[in-house]
2 protein chains.
Amino acid sequence: MPANAQSFSFAPDVMATACPSRAILGHLTSRWGVLVMVALQSGTLRFSALRRRIGGVSERMLSQTLQQLEGDGFILRTAHDVVPPHVDYALTPLGVAAASHVAALAGWIEGNLPRILAKNG
Amino acid sequence: MPANAQSFSFAPDVMATACPSRAILGHLTSRWGVLVMVALQSGTLRFSALRRRIGGVSERMLSQTLQQLEGDGFILRTAHDVVPPHVDYALTPLGVAAASHVAALAGWIEGNLPRILAKNG
DNA sequence: CCCTTTACTTACCAAAAGTAAGTACCTACA
DNA sequence: TGTAGGTACTTACTTTTGGTAAGTAAAGGG
């Protein structure tokens, strides 16, 4: 056992099927999860603002994705008890850190799209 | 038109359904795409070596994922015409750049798993 | 009075992904 | 010599996931 071992009985490894990190990675890299994290990077947004910003997402999928990311602690959901409903979504500190990585990937793709589409591997 | 404008009629935007960057993002963040990129970061691997390294992937999905990433120019496939078959997969320069971002995300998750699982958002 | 907006959920159907087996050829082992 | 295993896939079938459309409740505008 190495000197700086953690108080865990396993080393987190995304390559291992059963490792919890695999599920978290799955949530953050899910089709809509990535886009929700990127969208929330620029600040708090309401449900329908998110829906308008993220092209092509359905209410069902947005709702499901938000619940998943909230469950992981990346997103904070704040419901104001008024009619019509008003619900805000914002990144938690943990979410801000995670979002920076997914946004870096998305940004890199956007910035290098010409190169990618030209297939200059 | 700004001075440093690109020779493109659109600004790449992952939030837009029709933008090609959306599809590329989808490939790189697909369930097995992420893990393939991370696995190949440490060097060239054969099909079955990849399969053994990536826990839980089926041959069908690995094959499909590799073809997708090869089509995008992130991966180079080299088939040696021998029996039994011998096929090598390696990252292209473009793939190395992309892999650094997905690996950063995967690495961050692994490194912060305790915090994430403790749900200290 | 009906349409719209808000934030969802539920039922239904299509698309994606997982499982298992087939292909073709070689090596090793008994 | 026959059987098991390794190589890199593909194909058929089934299960799971994802998308579409509609329903819910209450307020406000035309």
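**Figure 1. Helix α2(B) meets helix α4(B) in a predicted model.** From α2(B) come B:Trp32, B:Gly33 and B:Val36. Their partners in α4(B) are B:Met61, B:Leu62, B:Thr65, B:Leu66, B:Gln68 and B:Leu69. Sorted by class, this contact holds 6 nonpolar and 3 polar residues, with no charged ones. Two packed helices are described by the angle between their axes and by the distance between those axes. Here α2(B), residues 31–41, packs on α4(B) at about 75 degrees. The two axes are 9 Å apart. Angles of 65 to 115 degrees count as roughly perpendicular, so α2(B) is roughly perpendicular to α4(B).

**Figure 2. Helices α2(A) and α4(A) cross in chain A.** Their axes come within 9 Å of each other. The crossing angle is roughly 75 degrees. The pair is therefore roughly perpendicular. On the α2(A) side stand A:Trp32, A:Gly33 and A:Val36. They meet A:Met61, A:Leu62, A:Thr65, A:Leu66, A:Gln68 and A:Leu69 of α4(A). The contact has 6 nonpolar residues, 3 polar residues and no charged residues.

**Figure 3. Chain B carries an open sheet of 3 strands.** The strand order is β1-β3-β2, and pairing is antiparallel. β1 (45–46) and β2 (75–80) of chain B stand at the edges. Each has a single partner strand, so one side of each lacks a neighbour in the sheet. β2(B) and β3(B) run antiparallel and are joined by 6 bridges. B:His80 has B:His86 of β3(B) as its bridge partner. Helix α4(B) lies across β2 and β3 of chain B. The helix runs at about 115 degrees to β2(B).

**Figure 4. Chain A is in contact with chain B.** The contact involves 45 residues of chain A and 47 residues of chain B. On chain A, the elements giving two or more residues to this side are α1 (20–28), α2 (31–41) and α5 (93–117). The largest share, 17 residues, comes from α5(A). By class, the chain A side has 27 nonpolar, 11 polar and 7 charged residues.

**Figure 5. A turn of 180 degrees lays chain A on chain B.** The RMSD is 0.0 Å, and the shift along the axis is 0.0 Å. The two copies are thus related as by a two-fold rotation axis. In chain A, the C-alpha nearest that axis belongs to A:Thr29, 2.6 Å from it. Both copies use the same surface, as 100% of the contact residues of chain A recur in chain B.

**Figure 6. Residues of chains A and B surround DNA strand C.** The surrounding residues number 18. The closest are A:Arg46, A:Ser48, A:Pro85, A:Val87 and B:Ser58. Elements giving two or more residues to this surface are α3 (47–53), α4 and β3 (86–91) of chain A, with α4 of chain B. The surface has 7 nonpolar, 5 polar and 6 charged residues.

**Figure 7. Both chains also give residues to the surroundings of DNA strand D.** Strand D is surrounded by 18 residues. A:Ser58, B:Ser48, B:Pro84, B:Pro85 and B:Val87 are the closest. Chain A gives two or more residues from α4 (59–71). Chain B does so from α3 (47–53), α4 (59–71) and β3 (86–91). The surface near strand D divides into 7 nonpolar, 5 polar and 6 charged residues.

Conventions:
Residues are numbered from 1 along each chain as its sequence is written. Chains are lettered from A and ligands numbered from 1 in the order in which they are written. This is a predicted model: local features need pLDDT of at least 70, side-chain atom pairs count only at pLDDT 80 or more; totals for chains, interfaces and linings use all residues. A residue is near a molecule or strand if its C-beta atom, placed from the backbone, lies within 6 Å of it. Helices (H or I, at least four residues) and strands (E, at least two) are DSSP runs, numbered from the N terminus. Ala, Val, Leu, Ile, Met, Phe, Trp, Tyr, Cys and Pro count as nonpolar, Asp, Glu, Lys and Arg as charged, and the others, Gly among them, as polar. Two residues are in contact if their C-beta atoms, placed from the backbone, lie within 7 Å. Axes are lines fitted to C-alpha atoms, for helices over the stretch in contact, and angles run from 0 to 180 degrees between N-to-C directions. Angles under 35 degrees count as roughly parallel, over 145 as roughly antiparallel, 65 to 115 as roughly perpendicular and the rest as oblique. Two strands pair if DSSP finds at least two bridges between them. Copies are superposed by least squares on the C-alpha atoms of residues with pLDDT of at least 70 in both.
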